[in-house]
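Colleague: Could you take a close look at how the chains meet in this assembly? I would like one connected account that I can follow with the structure open.

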Number of protein chains: 4
Amino acid sequence: MNTVGHLINGQIVNDAARLQDVYNPSTGEVSKQVALASKSTVEQAISAAEAAFPAWRNTPPLKRARVMFRFKELLEQNADRIAQMIGEEHGKISHDALGELQRGIENVEYACGAPELLKGEHSKNVGPNIDSWSEFQPLGVVAGITPFNFPAMVPLWMFPMAIVCGNCFILKPSERDPSSTLFIAQLLQEAGLPDGVMNVVNGDKEAVDTLLSDERIQAVSFVGSTPIAEYIYKTASANGKRCQALGGAKNHAIVMPDADMDNAVNQLLGAAFGSSGERCMALSVAVAVGDAAADALIEKMQAAMQTLKVGAYSEKSNDFGPVITKAHQQKVVGYINSAEEQGAKIVVDGRNPQVVGHENGFFVGGTLIDNVLPEMLSYQEEIFGPVLQVVRVNSMQEAMNLIDAHEYGNGTCIFTRDGEAARYFSDNIKVGMVGINVPLPVPVAYHSFGGWKRSLFGDLHAYGPDAVRFYTRRKTITQRWPSASIRESVEFSMPTMK
Amino acid sequence: MNTVGHLINGQIVNDAARLQDVYNPSTGEVSKQVALASKSTVEQAISAAEAAFPAWRNTPPLKRARVMFRFKELLEQNADRIAQMIGEEHGKISHDALGELQRGIENVEYACGAPELLKGEHSKNVGPNIDSWSEFQPLGVVAGITPFNFPAMVPLWMFPMAIVCGNCFILKPSERDPSSTLFIAQLLQEAGLPDGVMNVVNGDKEAVDTLLSDERIQAVSFVGSTPIAEYIYKTASANGKRCQALGGAKNHAIVMPDADMDNAVNQLLGAAFGSSGERCMALSVAVAVGDAAADALIEKMQAAMQTLKVGAYSEKSNDFGPVITKAHQQKVVGYINSAEEQGAKIVVDGRNPQVVGHENGFFVGGTLIDNVLPEMLSYQEEIFGPVLQVVRVNSMQEAMNLIDAHEYGNGTCIFTRDGEAARYFSDNIKVGMVGINVPLPVPVAYHSFGGWKRSLFGDLHAYGPDAVRFYTRRKTITQRWPSASIRESVEFSMPTMK
Amino acid sequence: MNTVGHLINGQIVNDAARLQDVYNPSTGEVSKQVALASKSTVEQAISAAEAAFPAWRNTPPLKRARVMFRFKELLEQNADRIAQMIGEEHGKISHDALGELQRGIENVEYACGAPELLKGEHSKNVGPNIDSWSEFQPLGVVAGITPFNFPAMVPLWMFPMAIVCGNCFILKPSERDPSSTLFIAQLLQEAGLPDGVMNVVNGDKEAVDTLLSDERIQAVSFVGSTPIAEYIYKTASANGKRCQALGGAKNHAIVMPDADMDNAVNQLLGAAFGSSGERCMALSVAVAVGDAAADALIEKMQAAMQTLKVGAYSEKSNDFGPVITKAHQQKVVGYINSAEEQGAKIVVDGRNPQVVGHENGFFVGGTLIDNVLPEMLSYQEEIFGPVLQVVRVNSMQEAMNLIDAHEYGNGTCIFTRDGEAARYFSDNIKVGMVGINVPLPVPVAYHSFGGWKRSLFGDLHAYGPDAVRFYTRRKTITQRWPSASIRESVEFSMPTMK
Amino acid sequence: MNTVGHLINGQIVNDAARLQDVYNPSTGEVSKQVALASKSTVEQAISAAEAAFPAWRNTPPLKRARVMFRFKELLEQNADRIAQMIGEEHGKISHDALGELQRGIENVEYACGAPELLKGEHSKNVGPNIDSWSEFQPLGVVAGITPFNFPAMVPLWMFPMAIVCGNCFILKPSERDPSSTLFIAQLLQEAGLPDGVMNVVNGDKEAVDTLLSDERIQAVSFVGSTPIAEYIYKTASANGKRCQALGGAKNHAIVMPDADMDNAVNQLLGAAFGSSGERCMALSVAVAVGDAAADALIEKMQAAMQTLKVGAYSEKSNDFGPVITKAHQQKVVGYINSAEEQGAKIVVDGRNPQVVGHENGFFVGGTLIDNVLPEMLSYQEEIFGPVLQVVRVNSMQEAMNLIDAHEYGNGTCIFTRDGEAARYFSDNIKVGMVGINVPLPVPVAYHSFGGWKRSLFGDLHAYGPDAVRFYTRRKTITQRWPSASIRESVEFSMPTMK
């Protein structure tokens with residue numbers, strides 16, 4: 001059986017002392033194993049990164065960017081192979097995996113602009129003949145810890161910007177679907193990156209804790225669930241590191257009475273069920289303002305869901321695939337059960353999907369629940385499955401109060417045609433990423449990604465302009481030259497022309 | 001005896017349960033008392049700030065900036081009075097107090113540019129007919145905790161920018177010299193700030209811990225010593241707040257053989273002894289490259305120090321005044337003693353200064369120490385007194401290694417005429433603020449202030465552009481309007497002109 | 001009778017060879033005379049500016065900005081006096097004159113941010129150990145030529161930014177209402193500006209042509225009518241100067257069927273008749289989409305216009321005052337006549353207003369004309385009087401086609417509640433300044449002012465960020481230091497510590 | 001014989017009415033012919049561009065940028081072929097042609113960052129609930145007119161940025177070496193650019209004048225000689241177009257007594273003779289401060305020039321090739337003759353180079369002239385040949401006065417080790433591009449290229465950040481939504497939760 005190892009100092013390393021099974025969630029079978037790095041393996045990676053730093057930091061940003069230009073080409077050339085790897089271990093259908101990869105490539109494209117992004121601020125004459133300027137210097141060795149649900153995209157949110165800013169990187173990807181991540185790192189190596197600048201260590205808590213405690217690590221970027229994000233942030237901060245830790249979400253869409261309902265339903269379909277709802281930007285709650293809007297939404301959504309196809313990653317006509325593990329499948333079903341028990345109405349029930357030929361896959365079908373109330377468990381927690389819950393309210397303000405009262409503040413959306421409603425909503429809602437008729441308002445790569453409240457711990461958001469600030473340190477130089485120097489002293493004879 | 005109270009919701013409040021003495025360090029006598037806020041007093045301030053937030057956040061940035069324009073005028077009109085207050089409680093001479101205030105006013109001037117500074121990023125067509133933009137919204141209620149050594153300037157580093165960005169503020173100034181800070185806050189009130197936007201609570205650890213634990217506080221800015229900075233940072237971070245905590249320093253100047261020595265000595269004089277060395281940017285170590293440079297430096301510095309005058313704040317011809325407390329005076333003398341005991345040479349000895357008429361003042365005279373070695377206690381720790389130590393090295397690289405090996409990385413400087421030496425130094429030294437022939441490279445108000453290593457905990461520096469990012473939260477909106485709306489539907493008859 | 005002179009090198013200068021009458025348009029009487037500068041007087045001003053340039057250019061931006069801080073204070077303290085001067089010579093009511101001044105002061109406020117605005121771009125390592133940065137240096141002596149309709153505001157669009165960027169300035173204001181402009185320049189002098197940095201020459205074509213031909217003038221900013229703007233632009237460009245020349249306008253508002261009609265009428269009232277329509281941003285054409293919208297608009301507007309009060313500047317309850325000259329009064333009436341003759345319907349007729357006690361003032365009453373067609377003279381030309389014309393169309397696209405077909409493209413507006421209509425309009429309309437439910441979309445001082453098509457000649461807009469670029473010249477420095485210099489050479493003995 | 005045609009609307013077009021010979025300057029023989037476009041051919045290209053504009057303008061910037069990503073790949077893959085085409089028609093050696101192409105590609109890399117570069121400025125609450133933002137919209141159809149000396153690089157300075165900003169482009173390259181330019185445009189087409197967005201018309205004054213007069217052309221970028229640049233600028237400006245016209249140069253290097261002379265000579269060698277001196281950034285005058293510096297410079301330069309090899313483009317070991325035409329060869333020799341006649345000393349004489357096997361090529365050898373005086377013809381005019389002239393002065397100020405007195409202000413350089421001399425020079429010299437120990441201070445692609453004085457007509461420099469501003473037009477939108485709209489009206493019953 002294949003074993004997925006680490007990438008350290010440009011080489012694939014296999015420290016096979018501890019191994020963990022990697023599943024194919026479409027079949028429920030173990031497909032390979034992944035090595036779990038020991039403390040010393042992680043330290044070896046850190047040492048390699050530390051050794052590579054001085055030369056990489058001094059490499060002109062334009063040259064660093066050119067590695068990213070080549071990396072983009074390689075990612076595009078290998079897109080199908082990467083999508084296949086993702087499908088096999090994560091279960092998402094190839095069109096979805098390709099979409100994920102594309103979003104990741106956009107971060108590489110942004111990183112290609114490093115020479116512009118790294119410009120410092122220059123001030124002439126802050127005092128008489130005194131100049132001052134700020135530079136943004138790399139931090140040194142930085143780390144990323146990434147989740148299973150986007151094995152290609154989330155790592156690509158982090159390391160291209162970190163590296164193009166002049167840092168060296170240690171990535172600890174999810175141990176559930178490690179293959180595509182490792183392969184992508186190898187492509188970066190192939191693109192011309194010097195050995196040691198990019199390193200991948202697969203592993204579990206031992207690897208994570210080593211990264212959090214080793215004093216050579218200057219900064220940690222994390223994406224995962226809120227409890228872990230909070231642990232990472234507190235620990236890294238206490239150890240004097242920069243940290244940005246992105247956690248969970250419960251993203252609501254407000255459906256206003258004036259919304260283009262067909263458009264809203266069409267948008268919600270993809271936003272709620274795409275990737276089995278295993279996205280931190282999944283739209284999992286629709287808040288309908290008024291019963292008329294709610295009834296229309298339920299009716300049209302129910303009809304639209306008849307065409308939804310759940311199945312194995314390898315069949316392109318499927319809309320979404322299995323969830324990541326057996327345990328997670330049971331957890332999602334448990335949330336649906338609890339909603340039912342607490343009085344909500346299961347309009348479309350995905351608890352027993354039939355996927356012929358994949359009876360042992362970890363599937364949950366698309367589920368629609370009406371009359372959900374804020375006090376229900378399924379409302380309060382992140383389900384991370386293909387479940388759309390509908391809450392009915394009587395006013396837009398009531399809908400906004402609901403959203404603001406939830407512990408998470410990642411993404412949200414409003415469906416309306418009205419300029420004033422949209423502006424009031426986006427101005428006042430306590431959520432970091434807001435869509436107006438856009439159900440999945442993931443910022444493009446040249447803006448930055450980040451939620452509010454307990455969806456993000458840290459000052460700076462992920463990727464985009466904030467990533468430049470996160471992965472660099474400001475240095476301000478103030479300069480005055482003493483006079484009576486070479487300029488005034490060289491006057492060899494009577495000047496003939498002045 | 002006068003009692004210094006708090007400013008809460010626009011009113012001076014006196015919760016006199018606990019009081020602490022405030023000294024005049026030039027005479028050694030108690031001059032007044034300061035109230036120490038209880039937990040409930042601090043919570044009252046936080047509640048006032050929270051109540052003021054919704055209206056202040058919605059006040060156009062231009063209107064917020066205009067309060068700062070008026071605040072600047074009032075600070076300038078009251079400069080002498082403020083300098084007098086500082087001198088009485090801190091001991092610094094009036095020219096120095098006015099200089100401190102001026103540096104503070106420059107931050108108010110910068111805050112006047114809020115409408116420009118708060119501009120967000122706008123992207124047309126991130127997709128077909130989809131626009132996206134990022135706004136920088138205020139955080140809510142934020143806090144500042146400031147040290148005794150700059151009772152006017154350091155608070156002015158914080159609250160003007162925080163407030164002009166739309167936040168409400170709780171300031172906990174030093175309890176050793178609280179009067180000027182409170183008066184400045186009252187001037188801001190007079191400038192037209194609505195009640196509750198700016199609040200001052202005097203106090204001790206109880207006040208600090210309330211600010212660090214109350215969940216309504218969104219962010220904490222701190223300036224003080226490194227152990228406290230670290231405590232503040234860890235605690236605030238663990239409680240889910242943003243934090244920037246600035247700590248101690250040990251700022252070195254490299255004196256190169258080609259330096260303009262007269263200029264260097266002249267610059268070092270002010271940088272080492274100004275404000276009795278009680279500045280986190282004080283230049284406390286001179287690293288001379290080669291014995292020739294060292295000998296020249298010692299000789300010229302010794303001569304120049306003959307003219308230094310230490311004395312009471314009220315006499316303008318004095319160069320610097322007392323240190324802040326009796327205990328601190330003894331601590332500084334202890335460092336000089338230890339250097340002598342460990343083999344350094346006391347070239348100019350300030351341990352027993354004669355200040356006629358102020359025999360009980362907390363004075364230490366300007367002190368110059370040669371042959372200091374890295375292993376000495378006086379080298380390793382921050383003295384925070386009027387003591388300049390000289391270390392002799394044989395090469396510039398050796399000097400830089402020394403600096404990089406020290407735990408602090410606040411400021412540093414090189415004296416040279418050589419472009420290459422200056423560039424190599426500023427590029428490579430692991431220090432956040434670098435001077436080239438500028439011994440006190442405090443960034444101007446439109447750049448940002450921050451050290452590296454254990455001189456600053458946090459991602460973003462103080463004041464300047466970084467303050468905008470620290471005191472705001474990014475929100476990204478993505479917007480698409482559904483078609484088939486009013487635009488296409490209104491076509492009342494055959495158009496007559498197209 | 002009083003004579004208005006020039007301000008040259010800090011002194012009021014009177015070259016009384018040629019004089020021109022200045023009228024009080026509210027009474028129709030001559031109130032004073034203005035000196036018309038000869039070529040040599042203008043050259044004297046240029047020489048003064050040229051002499052002042054080297055020192056001013058080297059004055060730190062922060063110090064230059066502080067002159068603007070004081071200037072703002074003085075303008076605010078003298079606001080009533082300035083409004084009085086404007087009223088007397090221009091005729092606008094004091095609330096309007098104070099509004100104009102306030103808009104001007106906002107440009108001074110923006111200029112106070114010069115240290116931030118003048119930051120250059122700094123790039124480390126454009127090649128190995130090669131740095132490069134761009135500075136924005138002042139041009140030298142620059143000129144402004146300004147119109148009668150905003151004697152305070154339009155000059156304040158220009159010289160504060162030009163001067164704070166380090167340039168010296170020659171202003172040629174309108175000879176019809178020169179007093180407030182000259183007084184404002186004197187306040188700037190009082191604020192601490194060195195002599196010669198700001199100069200005012202009153203005059204006519206002789207002064208203008210001298211400014212356009214003198215090779216010491218580096219740049220010319222102009223605001224006025226399109227034919228003159230075009231002449232200024234061609235001549236200045238042919239003489240190798242930078243030029244931005246702002247001309248005429250015909251600003252349309254589209255009134256959509258879903259508009260909040262009461263709000264629209266209320267907004268249009270001020271935008272069409274304020275300052276007698278003598279504004280380049282006056283809203284002079286309403287394009288109603290559909291007859292229902294048109295009928296409602298006409299009905300409500302007619303009713304609202306009953307309360308409009310035209311009269312002398314000195315009576316604060318008046319809504320607007322006279323037009324600038326007898327000749328202009330006749331021209332405006334002529335346009336109304338022509339509309340009537342060409343078949344439009346005069347709904348409200350302002351051709352014979354009764355202003356008791358001011359029978360000789362140059363008054364025109366508020367006029368509303370319905371059924372205006374694009375081929376009418378009154379539609380094609382800029383009236384610059386208190387006349388609102390209504391064009392009826394059948395679709396939004398037809399309305400937009402009308403606007404795009406007009407030679408001017410200064411400002412425009414749409415009244416709607418619909419997000420899609422607003423976005424389509426602002427995206428596609430060929431006009432530089434667009435309002436969405438904002439009838440007078442003059443950009444705030446921290447954005448820039450500029451029309452499209454024949455409303456502006458030049459690359460860069462007026463005031464705001466564009467003004468920084470217009471009044472500075474980019475210089476890019478690329479720097480590499482040779483090695484084997486002082487740094488490597490100083491190694492006096494075996495290093496003891498590395 | 002081959003004929004070089006035009007690229008119009010994605011097709012190669014040949015209007016063979018008028019043809020002109022294209023030479024191989026290494027052999028002196030005609031190698032092909034180029035079609036000279038008639039007015040109607042140019043108009044056909046403009047029409048194609050105009051038709052392509054609406055769709056291209058609406059293409060998301062990221063998609064436009066992706067065409068540039070592919071274009072970069074194609075340019076790199078075809079680099080040798082392009083260098084061959086350049087060598088054949090221009091004569092430059094392949095290493096030089098590849099260097100030119102690389103500099104051009106860097107502009108394509110910069111254009112890949114369009115999504116970041118096109119961000120507008122967004123302001124919340126410019127008034128209560130009023131927002132305002134500025135967009136940078138493309139102009140429409142724009143044109144470029146480029147010189148023979150950089151047939152690949154200078155066009156690449158222009159069209160990638162123009163096109164990525166959303167414009168359509170008409171390029172009129174030099175008719176002396178048109179092949180590589182046309183081929184590059186075809187590669188852009190191959191990269192996925194829609195037909196009509198990029199068009200190339202070969203031609204002479206008829207084509208140029210058509211571009212200058214056709215009202216559909218919104219902007220013109222030009223690089224060439226100063227008399228033509230001035231003509232282009234005046235004509236385009238008079239016709240209401242934006243224009244930036246870059247002209248001639250006479251770039252001086254100051255050699256200070258403390259310079260690293262070996263380094264200076266080494267740098268000057270390439271900067272003076274590379275590409276036969278046919279570069280607007282060629283370093284053609286060395287100003288030595290003091291006779292000692294001058295003597296050392298002459299001696300070392302004379303020695304270094306012994307190794308210089310002039311010859312045909314096809315031999316890679318050559319340092320530089322022929323000049324562009326027979327007529328230009330004679331003109332260069334004429335300047336050398338005139339210097340000799342006017343009293344200068346020809347130290348190294350390149351007037352009769354021996355290039356075996358290429359006796360009819362248009363060669364001039366590397367020439368070094370000492371004792372040049374400012375009044376000599378060879379000093380006053382741009383030679384554009386492989387000739388380095390040395391002027392001797394007695395002080396740095398005298399050297400700077402010389403440079404500032406010259407009509408051109410393109411590039412300049414100082415060789416020194418002294419920080420103060422470098423800063424004084426770069427601050428005060430009236431030249432747009434300044435090198436410190438960098439003889440050819442061409443700004444990198446992420447800064448902008450532009451001279452001062454008569455080296456550039458226009459406000460904005462070429463490529464880099466200025467290109468974004470040159471190729472876009474600012475539009476400012478101000479938006480307020482009326483209240484009492486959908487948000488407040490939808491309240492269907494008593495709210496149950498607030």
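Modeller: Happy to; I will go through the two interfaces of chain A in turn, and then the cores and one strand residue. Please keep in mind that this is a predicted model.

Let's start with chain A and chain D. Here 59 residues of chain A are in contact with 59 residues of chain D. Together the two chains bury about 5000 Å², and 59% of that area is on carbon and sulfur atoms. The charged part of this interface comes to eight salt bridges. One you can pick out is between D:Glu106 and A:Arg66, whose closest N and O atoms are 3.2 Å apart. As for polar contacts, 16 residue pairs across the interface of chain A and chain D qualify, with both partners at pLDDT 80 or more. On the side of chain A that touches chain D, several elements supply at least two residues each, including α2 (61-77), α4 (94-111), β6 (120-127) and β7 (130-138) of chain A. The element that gives the most to this side is α15(A), with six residues.

The geometry of this pair is simple to state. A rotation of 180 degrees, with 0.0 Å of shift along its axis, superposes chain A on chain D with an RMSD of 0.0 Å. The two copies are therefore related as by a two-fold rotation axis. If you want a landmark for that axis, look at A:Gly113: its C-alpha lies 2.7 Å away, the closest approach of any residue of chain A. Of the interface residues of chain A, 100% are also interface residues in chain D, so these copies meet through the same surface.

Now turn to the other interface, between chain B and chain A. Each chain brings 64 residues to the contact. About 5300 Å² is buried between chain B and chain A, with 48% of it on carbon and sulfur atoms. Six salt bridges are found across this interface. Among them is the one where the side chains of B:Asp466 and A:Arg469 meet, at 2.6 Å from N to O. The interface of chain B and chain A also holds 38 residue pairs in polar contact, both residues at pLDDT 80 or more. Strand β23 (residues 472-480) of chain B makes up the largest share of the side of chain B that touches chain A, with eight residues.

Chain B can be laid on chain A by a turn of 180 degrees and a shift of 0.0 Å along the axis, giving an RMSD of 0.0 Å. In chain B, the C-alpha nearest that axis belongs to B:Ser237, at 3.3 Å. Again the copies meet through the same surface, because 100% of the interface residues of chain B are also interface residues in chain A.

Next, the interior. The largest nonpolar core has 214 residues, and A:Phe71 and D:Phe71 touch the most other members. A second, separate core of 213 residues includes B:Leu101, B:Ile105, C:Ala37 and C:Phe222. Beyond its neighbours within four places in sequence, A:Phe71 is in contact with A:Val108, A:Leu156, A:Phe159, A:Ile184, A:Leu187, A:Leu188 and A:Ala191. In soluble globular proteins, nonpolar side chains tend to be buried together.

Finally, B:Val4 sits in strand β1 (residues 3-4) of chain B. B:Val4 is buried, with a relative accessible area of 7%. Leaving aside neighbours within four places in sequence, its contacts include B:Asn14, B:Val34, B:Pro178, B:Leu182 and B:Asn202.

Note on methods. Residues numbered from 1 in each chain as written. Chains lettered and ligands numbered in written order. Predicted model: local features only at pLDDT ≥ 70, side-chain atom pairs only at ≥ 80, totals over all residues. Heavy atoms only, no water. Core = buried A, V, L, I, M, F, W, Y, C linked by side-chain atoms within 4.5 Å. Buried < 20%, exposed > 50% of the residue type's maximum accessible area, 1.4 Å probe, protein only. Contact = heavy atoms within 4.5 Å. Least-squares fit on C-alpha atoms with pLDDT ≥ 70 in both. Buried area = accessible area lost by both parts, 1.4 Å probe. Salt bridge = Lys/Arg side-chain N within 4 Å of Asp/Glu carboxyl O. Polar contact = N/O pair within 3.5 Å; in protein donor to acceptor, adjacent residues only side chain to side chain. Helix = DSSP H or I, 4+ residues; strand = E, 2+ residues; numbered from the N terminus.
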